[in-house]
Amino acid sequence: MAKANEKDINQPKATEGKEPATATKSAAAEQQSMDSTGPLEDFFMDALKDIYWAEKALTEALPKMQAAATTEELQEAFEDHTLLTQKHVSRLEKVFKLLGKPAEAKKCDAMQGLIKEGEKIIESTPEGSMTRDAALIIAAQKVEHYEIASYGGLVQIALTLGHSDVADILDKTLQEEEDTDMNLTEIAENSINFAAQEETAEDIEDIM
Ligand code: FE
Ligand code: FE
């Protein structure tokens with residue numbers, strides 16, 4: 001190995017020796033598929049761009065959900081998670097830097113759909129109602145579950161590719177998404193669903 005800088009790791013070492021004989025070609029191809037520049041690394045970079053787009057979109061969507069929430073408890077949860085989400089964006093930028101790649105976002109259709117669903121909930125539930133909070137919690141948990149699935153997979157792939165420093169960073173975010181999901185469940189269990197039920201009972205009384 002010559003005095004290679006870190007960037008050289010990403011270049012295939014194809015110039016060793018002369019033209020490979022036909023018999024050794026498959027072995028060479030096999031070796032190349034084991035290199036970190038193979039399809040798994042490509043997929044990993046794509047998935048990072050996807051979650052980077054998603055996190056950036058959430059820094060704009062969460063404040064809207066905060067403004068629409070009924071209870072102070074849920075408003076605070078959204079406010080806290082907006083701050084964490086900004087941290088997630090910076091962490092991903094650190095990950096791109098560690099990998100020697102520019103931070104690039106690629107539109108995530110799934111997250112765009114989940115955010116749209118949240119917007120529809122705001123439009124279709126009465127302002128100041130507990131029903132709105134119950135529905136917003138479900139929307140927010142769908143977002144967290146998408147993130148948990150994404151980061152969970154990314155941590156495993158980072159480890160497979162030998163990027164343990166990157167895996168550690170992504171795992172921090174994964175833990176925070178899991179904590180957020182649990183916190184939302186607690187809010188729903190402790191107050192919202194119960195109150196939403198009461199609200200429905202009142203509505204039924206009003207109708208009768
Ligand atoms: Fe996040
Ligand atoms: Fe999150």
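This report looks at helix α5 and the iron site in a predicted model.

Residues are numbered from 1 along each chain as written, chains are lettered from A and ligands numbered from 1 in the order written. In this predicted model, local features need pLDDT of at least 70 and side-chain atom pairs count only at pLDDT 80 or more, while totals for chains, interfaces and linings use all residues; side-chain values use heavy atoms, with hydrogens and water left out.

**Helix α5**

Let's start with α5, residues 130-160 (helices are DSSP runs of H or I, at least four residues, numbered from the N terminus). Its ends and span are gathered here.

| Item | Value |
|---|---|
| α5, first to last C-alpha | 45 Å |
| Ser129 side-chain oxygen to Arg132 backbone nitrogen | 3.1 Å |
| Gly162 phi | about 85° |

Ser129 caps the N-terminal end of the helix, and Gly162 takes its positive phi just after α5.

Within α5 sits Glu144. Glu144 is buried (under 20% relative accessible area, 1.4 Å probe, protein chains only) yet lacks a salt bridge (a Lys or Arg side-chain nitrogen within 4 Å of an Asp or Glu carboxyl oxygen). The nearest side chain of opposite charge, Arg91, is 11 Å away.

**The iron site**

Now for the metal. Glu55, His88, Glu147 and Glu177 coordinate the iron ion (ligand 1) at 2.0 to 2.4 Å, where donors are N, O and S atoms within 2.8 Å of the metal (3.2 Å for Na, K and Ca) and water is not among the atoms, so sites may look incomplete. The iron ion (ligand 2) lies 3.3 Å from the iron ion (ligand 1), and Glu147 coordinates both. Glu55 in α2 and His88 in α3 are 33 residues apart, and both are buried.

Technical notes: Helix = DSSP H or I, 4+ residues; strand = E, 2+ residues; numbered from the N terminus. Expected span 1.5 Å × (residues − 1). Polar contact = N/O pair within 3.5 Å; in protein donor to acceptor, adjacent residues only side chain to side chain. Buried < 20%, exposed > 50% of the residue type's maximum accessible area, 1.4 Å probe, protein only. Lys, Arg positive; Asp, Glu negative; His and termini not counted.
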